[in-house]
Amino acid sequence: MKSLVLAEKPSVAKEIARVLGCGQKHKSYMEGPDYVVTWALGHLVTLAEPEDYDPKYRTWKLEDLPIIPERMNLKVLKETAGQFRAVAQLCKRADLGELIIATDAGREGELVARWIMELVRWRKPFKRLWISSQTDQAIRDGFRNLKPGHQYDALYRSAVCRAEADWLIGLNVTRALTTKYNAQLAAGRVQTPTLSILIEREREIRDFQSKPYWTIAADFGSFQAVWREKDGHDGRLWDEAQAEAIAERARGRAAKVTKLRTTEKSEPHPQAYDLTELQRDANKRLGFSAKQTSNVLQRLYEQHKLVTYPRTDSRYISSDIVPTLKGRLESVAVGPYAALARKVLRGTLPVSKRFVDDSKVSDHHAIIPTDQYVNLSALTNDERRLYDLIVRRFIALFYPPYRYDETSVVLSVGDDHYFAKGRIEKDAGWKEVYASGGAGSQGDDDWDDEEDGADRSDAQPAQRLPELAVGQTVPVKQCRTREQRTQPPGRYTEAALLAKMEKHGLGTPATRADIIEKLLQTDTIERTQNRLVPTGKGRQLFELVVDELRSPDMTAEWERELERIAKGKGDPQSFMAGIRERARLWVEEVKRETKEYKPHNLTTSRCPSCGKPLMEVKGKRGKSLVCSDRECDYRRSAEPALTNRRCPQCHKKMEIRNGKAGKFFHCRPCNVIEMVGDKQGGRVSKHEQRKLIEKYSDNAPLSNSLGDALRAALQQKGE
């Protein structure tokens with residue numbers, strides 16, 4: 001009997017088939033002597049839509065809500081129905097004795113396979129392939145150590161609960177808000193609390209009142225020190241006269257060294273990456289969005305096979321990986337990493353609890369390189385830069401701590417104290433890995449990104465201190481005050497928001513990037529200079545949505561319960577009963593609400609169909625003008641489409657426009673117009689341009705001569 005192997009994507013199925021020796025290629029599967037390998041196309045099966053339960057739900061009506069089916073049904077996705085039928089046919093073959101689930105080794109991958117199995121009514125035995133990388137060796141080892149399929153039943157139950165909860169909450173609250181306020185307002189179990197984090201920060205910025213303060217710095221020639229009232233004080237004074245008086249007391253005098261302390265300090269290497277930490281780092285250092293990082297990382301995992309499973313929440317590796325570490329280091333010892341890797345390969349690899357801990361690895365270990373041969377020239381620029389982050393972080397795990405002597409000195413001028421710090425590096429340790437290039441030093445892991453942009457006035461400059469001794473006097477060369485102002489907290493970068501979502505337990509490493517993208521796509525938030533800011537629509541949505549759904553605490557509690565279900569400790573029935581009750585209560589609350597919604601993006605243009613104002617919305621193809629009445633489907637582009645035709649003057653892409661004499665190309669900056677099919681073009685005067693626009697634009701009135709010519713032509717045709 002043969003085994004049927006179900007992969008998640010055709011590309012993965014192709015690799016598995018090659019390793020298993022399945023040489024016969026068919027349209028929807030590959031076959032060999034022992035295995036038949038087929039694939040899903042992502043999801044083939046999904047939860048049924050409301051209209052699948054009752055056709056009346058096709059029209060969104062507030063009185064029909066909430067929609068809470070007694071039992072959630074499944075349906076085959078229309079766009080991938082052909083592949084589903086092919087898989088279903090294979091499942092009926094008598095010579096296939098068992099199914100091997102080879103979808104992604106995670107909650108989502110489990111759901112993909114189990115829903116297909118449910119609809120094809122698979123009743124024969126099944127096993128699970130659970131691997132953390134896509135290399136040939138990992139696939140061979142995985143097939144030698146297949147797990148019993150039922151071992152992952154709890155993971156499947158957790159995945160079902162998550163999908164059904166998102167359907168019940170997201171669909172009902174979104175339909176309720178949209179129909180109540182006649183506007184496309186999307187809410188969700190995770191996206192709404194994420195929006196509330198951004199709204200809360202905007203409120204903090206709005207309510208913040210900046211105040212002036214003064215700091216005092218004394219210049220001792222070879223080093224500087226800052227005044228502080230006492231050790232631990234931030235050095236800020238709120239009275240200018242007081243600051244001037246302190247500075248004046250030090251001018252022209254000598255300071256006495258009253259305290260001198262040198263301590264040896266060390267910083268251990270940063271931990272290996274999980275997905276969220278990698279997304280944060282890539283955002284800070286490479287400017288990647290979380291979604292961009294996910295996409296590039298998936299290619300490194302699936303296509304190039306250079307890194308382990310991406311969607312992990314662990315920053316540790318398990319002890320069974322330790323014997324493979326040497327081989328992984330040897331594989332990455334190429335190009336800029338050769339000298340760095342060989343340095344640790346010369347001796348015994350140091351292994352510590354800081355990165356090897358079985359108790360802190362659940363489904364998958366941290367993201368580390370595989371032992372696959374690396375051809376750096378085969379990677380795109382983005383792939384190369386992200387791989388650089390992962391490889392350097394991995395090599396740094398085997399380097400010693402960064403060690404330095406920190407000298408702190410207190411100098412006194414009468415009763416006033418000045419503090420200075422300096423450091424002398426003793427051993428670069430793991431920082432050597434970043435000194436040779438890459439994304440720079442990464443020793444700031446403990447810096448909480450949510451304070452990004454907040455005031456950090458107490459930071460002292462890094463400097464080298466001269467030889468000093470207690471009791472020594474040092475002349476004050478200069479002492480000056482500096483006026484500064486308190487700063488509001490900074491708006492969130494994507495890195496900072498990911499950290500906040502992780503802290504509040506919002507979403508999982510695999511879903512956080514999609515949540516941020518969904519908020520951007522629905523025009524609820526926008527990117528402004530690498531910062532995430534709520535739009536007018538987002539601010540209003542926050543006010544209209546029910547209070548409970550805004551709270552990150554409730555969503556975090558649900559996420560914890562889903563985790564417990566995945567581990568076999570939680571109760572799926574009671575969890576879903578709570579979700580259904582919440583959906584019911586929240587829809588009723590929306591129905592009772594008396595607030596109003598005013599679209600933030602209304603324009604002065606009117607809809608030609610119904611006369612209501614048009615809204616300007618951003619889409620993948622630029623801005624569009626859409627009727628503000630949801631019942632009206634009028635839409636047109638707000639910007640002329642750019643073509644590949646280049647302006648003969650500035651060589652930028654020209655717009656294509658429609659006029660009464662046909663289509664024409666137009667370059668706005670250069671005032672160049674070319675008729676479609678016209679080989680000649682050139683600069684036209686303002687007068688000529690006005691004539692052309694009058695002649696060719698849609699709203700120009702027909703001139704008498706043109707009207708006469710048309711009438712004559714029609715008359716001639718009639719005769």
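Residues 679–684 are a stretch to handle with care: pLDDT stays under 50 there, and this is a predicted model. The model has 13 contacts beyond four places in sequence for residues 679–684. A second such stretch, residues 695–704, also stays under 50 in pLDDT, and there the model has 19 contacts of that kind. Across the protein, though, pLDDT averages 88, and 90% of the residues score at least 70.

Now for the whole protein. You're looking at 22 helices and 27 strands. Of the 719 residues, 50% are buried. About 36,100 Å² is exposed, with carbon and sulfur atoms supplying 47% of that area. If you take contacts between residues at least 6 apart in sequence, 72% of them join residues at least 24 apart.

One sheet can be followed strand by strand. It is open and mixed, with 7 strands in the order 2-3-4-1-7-8-9. At the edges sit strand 2 (24–25) and strand 9 (147–148), each pairing on one side only. Strand 2 runs antiparallel to strand 3 (residues 29–31), and 2 bridges join them. One residue pair to look up here is Lys25, whose bridge partner in strand 3 is Met30.

Which helices pack on this sheet, and which strands do they touch? Helix 3 and helix 4 both do, as laid out here.

| Helix | Strands touched | Angle between directions |
|---|---|---|
| Helix 3 (residues 81–91) | strand 1 (2–7), strand 3, strand 4 (35–39), strand 7 (96–102) | about 155° with strand 4 |
| Helix 4 (residues 107–120) | strand 1, strand 7, strand 8 (126–128) | about 150° with strand 7 |

Strand 1 and strand 7 are touched by both helices.

Definitions and conventions. Residues are numbered from 1 along each chain as its sequence is written. This is a predicted model: local features need pLDDT of at least 70, side-chain atom pairs count only at pLDDT 80 or more; totals for chains, interfaces and linings use all residues. Side-chain values use heavy atoms; hydrogens and water are left out. pLDDT is the predictor's confidence in each residue, from 0 to 100. Contact means heavy atoms within 4.5 Å. Two strands pair if DSSP finds at least two bridges between them. Helices (H or I, at least four residues) and strands (E, at least two) are DSSP runs, numbered from the N terminus. Axes are lines fitted to C-alpha atoms, for helices over the stretch in contact, and angles run from 0 to 180 degrees between N-to-C directions. Buried means under 20% relative accessible area, exposed over 50%, partly exposed in between (1.4 Å probe, protein chains only). Accessible areas come from the Shrake-Rupley method with a 1.4 Å probe; for residues, only the protein chains shown count as cover.
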